[in-house]
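Reader: I am a first-year student, and I should be grateful for a close look at one part of this structure. Could the salt bridges be described, together with where the paired side chains lie?

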Amino acid sequence: MATGRPALSSMAESITIRVQSPDGMIKVSATKRDTAAAFLKKVAKEFGFSTNGFSIYQNRNKTGEITPQSKSLSLLKIKHGDMLYLFPSAAPGPSGEIMDVAAPPSTSLTSSSSLSRPQSSLSRPQTTTQIAEDEIDQYLAKQDGKIYRNQDPQLCRHGSMGKCVHCVPLEPFDEDYLNHLDPPVKHMSFHAYIRKLTGGADKGKFAALENISCKIKSGCEGHPPWPEGICTKCQPSAITLNRQKYRHVDNIMFENHTIADRFLDFWRKTGNQRMGYLYGRYTEHKDIPLGIRAEVAAIYEPPQIATQNSLELVDDPKAGAVEEIAAKLGLRKVGWIFTDLLSEDTRIGTVRYSRNKDSYFLSAEECITAGDFQNKHPNTCRLSPDGDFGSKFVTVVATGGPDNQVHFEGYQVSNQCMALVRDECLLPCRDVPELGYAKESSTEQYVPDVFYKDKDKFGNDITYLARPLPVEYLIIDITTTFPKDPAYTFTSTQRFSIENRDVLGETQDFHSLATYLSQNTSTVFLNIVSDFHLLLFLVTNEVMPLGDSIGLLLDAVKTSNEELAQTWRKSEQWATIEQLCSTVGGQSSGLPDYGAMGGPPNPTSSSSMWSCRHCTFMNQPSTEQCEMCSLPHS
């Protein structure tokens with residue numbers, strides 16, 4: 001028995017002390033007889049600090065500092081299981097790496113010093129590159145955002161300089177305030193959600209917006225790849241669908257009714273559905289704290305195959321040019337719009353009210369399409385490790401309302417839906433448009449389980465497997481409005497033909513351009529060329545595409561500068577376009593020449609060359625057939 005006593009005594013002297021640092025907690029093994037100096041060396045080795053690069057205290061408020069001295073831990077009254085608090089004496093260098101414990105005490109804690117343990121889990125994350133957020137996000141991040149209230153004459157009992165619970169400013173994410181607005185707001189703004197995450201004592205130190213991933217993590221070498229093997233390290237987590245509490249865009253507003261009316265003309269004339277891209281800008285929406293509004297200035301209609309019940313998009317060779325022109329005009333693609341209209345009574349012009357709470361607001365296929373668009377247009381975010389989180393891309397549906405008139409309804413899909421669509425985990429149901437279906441795992445793809453919660457007939461929360469899935473869990477509704485005072489980014493009062501409407505007989509060629517110019521009664525050149533579809537034609541036509549030479553005109557339209565427009569009007573490009581228009585139909589008298597700053601018109605010159613009315617190719621006067629398409633002159 002005597003031989004066992006020293007071992008028992010040694011076990012009794014061994015203690016474990018917890019050390020809490022800003023980067024986490026580590027348990028340090030020691031003995032009661034260890035001196036404070038020896039204990040501090042053990043801590044330095046565990047955390048990767050130099051011996052003079054930190055301070056340890058017995059209390060969180062930095063009292064009871066433990067200094068490197070010869071006193072033992074037992075004399076300092078440090079017992080087994082005690083918690084000590086470590087505070088670095090200097091911030092890490094820009095690289096976020098750790099100081100070598102073997103460095104001499106005189107070495108300062110800088111990024112140029114010798115480094116060790118660069119892969120330690122306690123090292124601070126490396127500084128990421130600065131993320132360029134959208135202008136509206138940068139603006140709202142600098143705003144106070146609080147909701148200021150006046151004094152209540154009945155409840156406030158203090159002076160004009162005081163505040164109480166009845167008049168103190170509210171936070172922008174206050175749910176009671178949002179619920180009492182008229183109409184009530186179900187979703188707080190995204191920047192209000194960020195304020196909620198970054199508020200509190202830690203000021204958002206640990207706030208991070210993680211994007212959901214439904215794919216197996218790559219690089220796991222402990223087992224064969226799927227389907228032969230999978231482990232908890234690489235397996236994606238199951239997803240429980242929740243109704244999103246915030247939205248990235250809080251309002252959609254068309255600048256004027258003309259934009260929407262011209263888009264609806266296609267359905268009115270053909271009865272077929274139509275789809276288009278919304279171009280505009282993001283601005284502040286002042287009706288909601290820290291809200292964002294998508295203002296629509298124009299609609300571009302890409303090539304598509306349309307019927308009364310379906311839409312199919314085809315490849316658009318002009319997509320890149322459209323994006324470039326919109327960017328030079330200060331616009332960007334903010335969403336997409338499609339029609340779902342069916343006439344109810346053609347005599348009085350009513351449409352069927354088909355999308356409601358008893359049917360659906362967006363079908364599963366439309367949700368998947370919206371999710372795909374949102375994934376292609378991510379929202380840059382500084383709080384996300386990936387540099388982007390969610391999307392500001394909106395969906396607008398032109399459909400019948402409760403009064404059997406055309407209504408515009410705005411939506412987005414949740415970030416969970418975006419993840420399911422991006423990783424190809426969501427499918428539509430063939431016969432039930434309001435239901436989606438979460439794919440099952442196969443040998444080609446592992447799909448995590450997807451659940452949603454609902455209440456049974458007794459009011460209990462029941463978790464269901466999302467096979468099938470009500471798409472209402474994926475939808476966020478957005479108010480769509482028109483202003484009382486219309487605004488016009490494009491000021492032309494005459495309508496130039498819209499692209500890709502050949503089925504209506506509306507073509508974009510020099511004959512339609514000549515007609516447009518001859519019928520335009522404005523004497524201000526800027527107002528004549530300030531048409532989104534006209535500018536697209538000038539850049540993308542096959543006879544004389546202007547390309548980079550139209551930059552000055554785009555700047556004039558963007559800034560509403562008539563002088564710049566007149567400067568461009570004197571260029572050779574516009575003179576050539578006028579010459580081409582004057583030869584269409586063999587007459588020139590109908591094309592006016594717009595004088596500077598609305599001056600008197602000058603007579604235009606004529607040419608003996610003739611333009612083919614089929615392909616608009618310019619032919620020599622001696623030819624009887626078009627040299628391009630071989631069709632006759634007359």
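Author: The following account takes up the salt bridges in turn. The model is a predicted one, and it holds 27 salt bridges. As general background, side chains of opposite charge can pair when their charged atoms come close.

One such pair is formed by Lys269 and Glu506, whose closest N and O atoms are 3.2 Å apart. This pair links distant parts of the chain, for its two residues are 237 residues apart. Lys269 belongs to helix H6 (residues 257-270), while Glu506 is found in the loop between strand S26 (475-481) and helix H10 (510-519). Lys269 is classed as exposed because its relative accessible area is 55%, and exposed means over 50%. Lys269 and Glu506 also take part in a network of salt bridges, in which they are linked with Arg274, Glu301 and Arg501.

A second pair, Lys376 and Asp372, lies within helix H8 (residues 364-376). Here the residues are 4 apart, about one turn of the helix, and their side chains meet in a salt bridge at 3.3 Å, N to O. Lys376 is exposed, at 55% relative accessibility, whereas Asp372 is partly exposed, with a relative accessible area of 32%.

A third pair is that of Arg422 and Asp423, with a distance of 3.6 Å from N to O in their salt bridge. Arg422 is partly exposed, at 37% relative accessibility. Asp423, by contrast, has 4% relative accessibility and therefore counts as buried, a term that requires a value under 20%.

Definitions and conventions. Residues are numbered from 1 along each chain as its sequence is written. This is a predicted model: local features need pLDDT of at least 70, side-chain atom pairs count only at pLDDT 80 or more; totals for chains, interfaces and linings use all residues. Side-chain values use heavy atoms; hydrogens and water are left out. A salt bridge is a side-chain nitrogen of Lys or Arg within 4 Å of a carboxyl oxygen of Asp or Glu. Buried means under 20% relative accessible area, exposed over 50%, partly exposed in between (1.4 Å probe, protein chains only).
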